[in-house]
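Trainee: I've got this model open and would like to go through its charged pairs with you. Could we take them one by one?

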Amino acid sequence: MSPQAIGFAIVLLAAIMLLGKYLRVKVPFIQKLLLPSCIIAGFLGLILGPEVIGRLAEPLNLGWLAEGGVFTADIYEVWGTLPGLLISVVFATLFLGSRIPSPKRVAKLAGPQLSIGVAYGSGQYVVGLLLALLVLAPLFGVSPMMGALIEIAFEGGHGTAGGMRPAFEDMGIPEAADLALAMATVGLVSAIVIGVAVVNWGVRTGRTRVLKQVSEQSTAELRGLYSDDETVYAGRMTARPGSIEPLTLHVAVVGLAIILGWILLEGIVWVEDLLWGQPDSLWTPAGEDGTTLLGYVPLFPLAMIGGVIIQVVLDRTGNTNLLDHEMMKRIQGLALDILIVAALSTISLTVIADFWQTFLILSVAGVAFCTFMLLYFTPRIVPEFWLERGIADFGQSMGVTATGLALLRVADPDDQSPALEAFGYKQLAFEPFFGGGLITAISIPIMYATGSVYIVLIPMAVLFVAAITAGMIYHRGVRAGRWTDPASEMAAGQR
């Protein structure tokens, strides 16, 4: 494929993204759902492609649509490769530009929040794998590994689901990527609908500490635009453009983080080959083939570690201000938007139709579990401002971090509770493992390499019980006056 064709495919993707934004601005129904423009654009790409319009070519006697719909098959081939590339950019930027606090401070400020987050992540594995073992495998012949898709799709979101496609293909289960992307869409829409309903219920029943009445969002908010009287900055200039464009500097550092991640990945694969990955390795019995495990781990969690290494070096050398976290978030947002549009546009509807029972059962179970976590366990773990602090984790556990923050803005529009800061600190300890972190990346490879889902199910069940128990003990300690909740002290200080 020529470089011109690749470039044209990206230009077309940008045009579809702009059309998605136009629909968000103009269509009230879409505005009420608070759907991100990239999701709308992704559905447009899917409809215009071979899975929808392309299937109408024969009935309509329009042969030119048969290969790739409105676009060509080459265009969709380029789009299909983008998620696996861009997911590393998304994760490499997570911690760049923001000083990494000590684990002690993170634990002190975000203890209950972390308990809830870990319970969401580990519990999604438990629910999904149990359903796969007890229902999906015996009734529909589905691999029990598919139970891990709840965490990958809900906690990880579209970015992780799309980025995992190369790993799924290497393990011989390419259909998992399409199912995960479809489930991620169900999770995101359900999070918004259920989350807004819970906030309204909380206001009516007096369970919200901040909001006393639900105010309608402004026209600008519904359209996803800033009003003329709002001044919002995309980032801070950290270098003089005469020496290097600040955006160029930040993109270069992201590239370095990904390179460090690649070096780490190659290193652990080399160690695996040396120890057990090859027939003649140290721990492989004579006459037996090696076992590949770490070779299936995708690059993106290692790119995140590469970003952490760079940030730690900057912090230790007094150069923290060299990078701006808001600028990194803009790079992350651009990569994530392109990733989501490309991933949704290339979903195989045939796969979803073939595995519709799996898709339906796992989607319903994931939504039910997350809703139960919000309404039952969150009030019993978070001592103060439970709805404000819990709604952000609920949104993240069923979509992306932006969904959680959008729901938090509904529940606490003026940032009067400690929810935002506590949620941010929790992310520092949570993101490296769940929602696209190390656990998400290695869960299915471990099950594939060992041939057993119990190697993930049992540790996740133990972790889920431990997270819930620790959170409830902390809650009772605060209620009994044995210690104070730092987040509540923060709120008192703000007031």
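Trainee: Is E326 buried or partly exposed in this predicted model?
Mentor: Buried would need a relative accessible area under 20%, and exposed one over 50%. E326 comes out at 31%, so the label is partly exposed.

Trainee: Which residue does E326 meet in a salt bridge, with 3.3 Å from N to O?
Mentor: Look about one turn along helix α13, three residues away. Residues three or four places apart in an α-helix point the same way, because there are 3.6 residues a turn. The partner is partly exposed too, at 33% relative accessibility. The side chain that meets E326 is that of K329.

Trainee: How far apart in sequence are the parts that K426 and D393 tie together?
Mentor: The closest N and O atoms of this salt bridge are 2.7 Å apart. K426 sits in helix α18 and D393 in helix α16, so the pair ties together parts whose separation in sequence is 33 residues.

Trainee: What is the relative accessible area of D393?
Mentor: Its partner K426 is buried, at 1%. D393 is buried as well, and its value is 2%.

Trainee: Which residues are joined into one network by salt bridges that share partners?
Mentor: You've already met two of them, the α13 pair K329 and E326. Add one more name and the network reads E326, K329 and R330.

Trainee: How many salt bridges does a search of the whole structure find?
Mentor: Another one brings D324 and R236 together at 3.7 Å, N to O. That pair links distant parts of the chain, 88 residues apart. For the whole structure, the count is five.

How values were computed:
Residues are numbered from 1 along each chain as its sequence is written. This is a predicted model: local features need pLDDT of at least 70, side-chain atom pairs count only at pLDDT 80 or more; totals for chains, interfaces and linings use all residues. Side-chain values use heavy atoms; hydrogens and water are left out. A salt bridge is a side-chain nitrogen of Lys or Arg within 4 Å of a carboxyl oxygen of Asp or Glu. Helices (H or I, at least four residues) and strands (E, at least two) are DSSP runs, numbered from the N terminus. Buried means under 20% relative accessible area, exposed over 50%, partly exposed in between (1.4 Å probe, protein chains only).
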